[in-house]
Amino acid sequence: MANLKDLRNRIASVTSTQKITKAMKMVSASKLKRAQEAAESARPYAERMENVLSSLASSMKGQSGGPKLLSGTGSNQKQLVIVATSERGLCGGFNTNIVKAAKVKINQLLRDGKDVTVITIGKKGAGVLKREYSDRMVEHFDMSHVKNLAFTDAAPISIRIIDKFEAGEFDVCTLFFAKFVNVLTQIVTPLQLIPASINEEGGTDLAGACYEYEPDENEILEDLLPRNVGIQLFRALLENAVSEQGSRMTAMDSATRNAGDMIDSLRTTYNRSRQAVITNELIEIISGAEAL
Amino acid sequence: MAEKLHFELVSPEKLLKSADVDMVVVPGTEGDFGVLPKHAPLVSTLRTGIIEVHNDSDAEKLLVVGGFAEVNSEGLIILAEIARPLAEVDRETYVTEFKNLEETVLHAKDNDTKARAEKARDGIASIIEVLDREVA
């Protein structure tokens, strides 16, 4: 039987763990709210951008010689996979899920005989992927200095990616991130950044109007598509931040509950053994008195 | 009351402005243009410059960097990467940034960093140029 002092120490340590997880839950709850607001306010820009792009893209459809960011290089041999994860751990299955989905995709591409390169954003995913694909990791973006994600944090990454694309280092680029559904559910989503996946149906409401383009469609597209990559990336990172906080909140909530259960059972054991000790002592005293 | 133009200014982070105004002067890549109510549908890219928002008798000026403008039957929408009121823009910070980037260009170890710094420097230079023209 564990001695009483040990049990007391265990209880004290589990209680302080519970305090920490509870605090982390509160912190991520408030961060979640802020991240959600940020994701919300980024929506108008992305939506308008998508509208204009889809109407432009549908008017360009069927024409050859469109910008490569839209139509692709005509090959899909060289694949780039971007994996966006968090900078911090203790957020449940968040990072594991993203990495797992990315691995499935990478392995499938490798089986198909494609050349795969990997870029990671956030160190949690980088650590895991490095073990398996260290020779394929071409770049890592550290986001640990970023507190509240701004567009200026995402822009340099997208510029690097576009530079690489223009240098012919890859044909297709897919980004893995977790889409936030609610606090309990985050879905890992692959998003094709290059060539741009544009919903051509979205532009129908504009199709009736005859637009004047200044400069011409092609030049506007060439200007907009790189921006669109930046925006998509920015949105994905915002979404990822929300998911991370949501996931952490759930994880910390269940950790707090588990700690509570543990404290309960430890306390029961503690009380029982304390009582046993007392009973023992009493028996000793009584039997001592009887012997006299 | 005269008809108003619905104007929205959006940056990636948030919706900056949404208002009904009389006229907006937009710095397009191929020259400035004014947008009044019932303007023909138009899509244009923007250069670094000043948007002038005219409403009643006062005009508000905003600095925009990169983006595009769309005019449709609902009004004018400007999507800009950076947009802030001219009064809040501090020329000095841009000048310091310009100098820092100049340093980076001079001491860049490889061509890659150099090219990137040069690009950033030119961006800042055009902002300063616009600000100077506005003051003059």
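Helices, of at least four residues, and strands, of at least two, are DSSP runs numbered from the N terminus. In this predicted model, chain B holds 2 helices and 8 strands.

## Chain B and its two domains

Along the sequence, the elements of chain B appear in the pattern β-β-β-β-β-β-β-β-α-α. Its C-alpha atoms occupy a box of roughly 60 × 25 × 25 Å, taken along the principal axes. Chain B is split into domain 1, covering residues 5-87, and domain 2, covering residues 90-135. Between the C-alpha centres of these two domains of chain B there is a distance of 25 Å. Where they touch, domain 1 of chain B contributes 6 residues and domain 2 of chain B contributes 4 residues. On the domain 1 side of this contact, β6 (49-55) and β7 (58-72) of chain B each provide at least two residues. By class, the residues on that side of domain 1 of chain B comprise 4 nonpolar, 2 polar and no charged.

## The open sheet of chain A

Chain A contains an open sheet of 5 strands, arranged in the order β3-β2-β1-β4-β5, with mixed pairing. The edges are taken by β3 (137-141) and β5 (186-194) of chain A; each has a single partner strand, so one side of each is left without a neighbour in the sheet. From one strand to the next, the twist averages 20 degrees.

Within the sheet, strand β1 (residues 78-84) of chain A runs parallel to strand β4 (residues 172-180) of chain A, and 5 bridges join them. In this pairing, A:Ile82 is placed opposite A:Leu175 of β4(A). Helix α4 (residues 94-111) of chain A lies across β1, β2 (115-121), β4 and β5 of chain A, and its direction makes an angle of about 155 degrees with β4(A).

## Two helices of chain A

Helix α1 (residues 4-41) and helix α8 (residues 217-291) of chain A have axes that come within 7 Å and cross at roughly 160 degrees. Angles over 145 degrees count as roughly antiparallel, and α1(A) and α8(A) are therefore roughly antiparallel to each other. The crossing of α1(A) past α8(A) is left-handed. Residues in the contact of α1(A) with α8(A) fall into 22 nonpolar, 12 polar and 10 charged.

## Where the chains meet

The contact between the chains brings together 22 residues of chain B and 22 residues of chain A. On the side of chain B that touches chain A, β5 (42-45), β7 and β8 (75-85) of chain B each supply at least two residues. The largest share of that side, 4 residues, belongs to β5(B). Sorted by class, the residues of chain B on this side number 10 nonpolar, 7 polar and 5 charged.

Strand β5(B) also takes part in strand pairing across the chains: strand β6 (residues 212-214) of chain A pairs with β5(B) in the parallel sense over 3 bridges. Here A:Tyr213 has B:Val43 of β5(B) as its bridge partner.

The residue classes of the contacts described above are set out below.

| Contact or side | Nonpolar | Polar | Charged |
|---|---|---|---|
| Side of domain 1 of chain B that touches domain 2 of chain B | 4 residues | 2 residues | no residues |
| Contact of α1(A) with α8(A) | 22 residues | 12 residues | 10 residues |
| Side of chain B that touches chain A | 10 residues | 7 residues | 5 residues |

How values were computed: Residues numbered from 1 in each chain as written. Chains lettered and ligands numbered in written order. Predicted model: local features only at pLDDT ≥ 70, side-chain atom pairs only at ≥ 80, totals over all residues. Domains from an automatic or database assignment. Contact = placed C-beta atoms within 7 Å. Nonpolar A, V, L, I, M, F, W, Y, C, P; charged D, E, K, R; others polar. Axes fitted to C-alpha atoms, helices over the stretch in contact; angles between N-to-C directions. Parallel < 35°, antiparallel > 145°, perpendicular 65-115°, else oblique. Left-handed = near helix turned anticlockwise from the far one by under 90°. Pairing = 2+ DSSP bridges.
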